[in-house]
Amino acid sequence: MSTDFAAARLNMVESQIRTADVTDLPLQDALRVVARESVVPASKAYLAYADADIEYAPGRWLLRPREVGKLLQALKPREGEKALAIAAPYAAIVLETMGLAVTRLEGDDLKAVPAGSYDVIICEGAVAAAPKAWRDALAIGGRLGVVERTGPVGRAAIYLRAEDGVGRRQAFDASPPMLAGFEVEAGFSF
């Protein structure tokens with residue numbers, strides 16, 4: 001029995017993306033055509049469009065469709081912008097489909113950002129806090145989207161660089177697995 005990925009992709013957009021108030025039409029169009037199953041191991045391809053956490057490499061997970069859709073929409077990516085996708089293979093392809101120039105960061109050291117400044121930075125794994133190197137890589141007007149998690153539930157954080165610094169706002173709740181190497185550090189508190 002083979003899986004009809006095109007039908008699963010359309011169903012994902014209609015039942016998980018649009019119902020989560022992801023209304024950006026260019027983003028919806030990109031999500032309808034990008035083959036999510038191409039970025040997961042063949043043995044997990046049947047899970048590509050499910051509302052489930054999918055480990056695509058050791059310690060690396062794809063955001064659930066709802067979460068990646070909401071995070072991308074909050075970042076307001078536009079054609080011609082320069083993007084950095086940190087441990088985010090699916091988001092990278094979606095951004096490329098939308099006409100952005102994407103640099104991928106997938107190596108062992110995800111805090112070592114390639115030189116340059118970026119209009120959009122996205123990470124598909126949860127981190128305790130966005131590293132300073134990621135925030136410093138934002139161009140003026142640049143946006144960083146990442147789920148910050150220090151307990152059982154995290155919050156999607158959107159960072160925006162202005163001329164006078166970087167601001168932060170929370171967008172929505174999410175609970176993706178922690179990105180390997182970005183776990184909460186144990187400490188003492190009263």
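How many helices and strands are there in the protein? Colour the model by secondary structure and count along: you should find five helices and eight strands. Keep in mind as you go that this is a predicted model.

Now trace the chain from its start. Along the sequence the elements come in the pattern α-α-β-β-α-β-α-β-β-α-β-β-β.

Next, zoom out and select the C-alpha atoms. Along the principal axes they fill a box of roughly 50 × 40 × 30 Å. The radius of gyration is 16 Å, which agrees with the value near 16 Å that a compact globule of 190 residues would have.

Switch on a surface. About 9000 Å² of the protein is accessible, and carbon and sulfur atoms account for 53% of that. Of the 190 residues, 47% count as buried. If you like contact maps, look away from the diagonal: among contacts between residues at least 6 apart in sequence, 48% join residues at least 24 apart.

Charges are worth a stop too. Select the 22 positive and 25 negative ones; the mean positions of the two sets lie 3 Å apart.

Last stop: select Ile-93. You'll land in helix H4, which covers residues 89–97. Is Ile-93 buried, partly exposed or exposed? It counts as partly exposed, because its relative accessibility is 24%, and the cut-off for buried is under 20%.

Which residues does Ile-93 touch, leaving aside neighbours within four places in sequence? Show Val-34, Ser-38, Val-39 and Arg-104 as sticks, since these are its contacts. Then draw a C-alpha to C-alpha distance from Ile-93 to Val-34: the two sit 59 residues apart in sequence but 6.9 Å apart in space.

Notes:
Residues are numbered from 1 along each chain as its sequence is written. This is a predicted model: local features need pLDDT of at least 70, side-chain atom pairs count only at pLDDT 80 or more; totals for chains, interfaces and linings use all residues. Side-chain values use heavy atoms; hydrogens and water are left out. Helices (H or I, at least four residues) and strands (E, at least two) are DSSP runs, numbered from the N terminus. The radius of gyration is taken over C-alpha atoms; the globule rule is 2.2 Å times the number of residues to the power 0.38. Buried means under 20% relative accessible area, exposed over 50%, partly exposed in between (1.4 Å probe, protein chains only). Contact means heavy atoms within 4.5 Å. Accessible areas come from the Shrake-Rupley method with a 1.4 Å probe; for residues, only the protein chains shown count as cover. Lys and Arg count as positive and Asp and Glu as negative; His and the chain ends are not counted. The place of a charge is taken as NZ of Lys, CZ of Arg, CG of Asp or CD of Glu.
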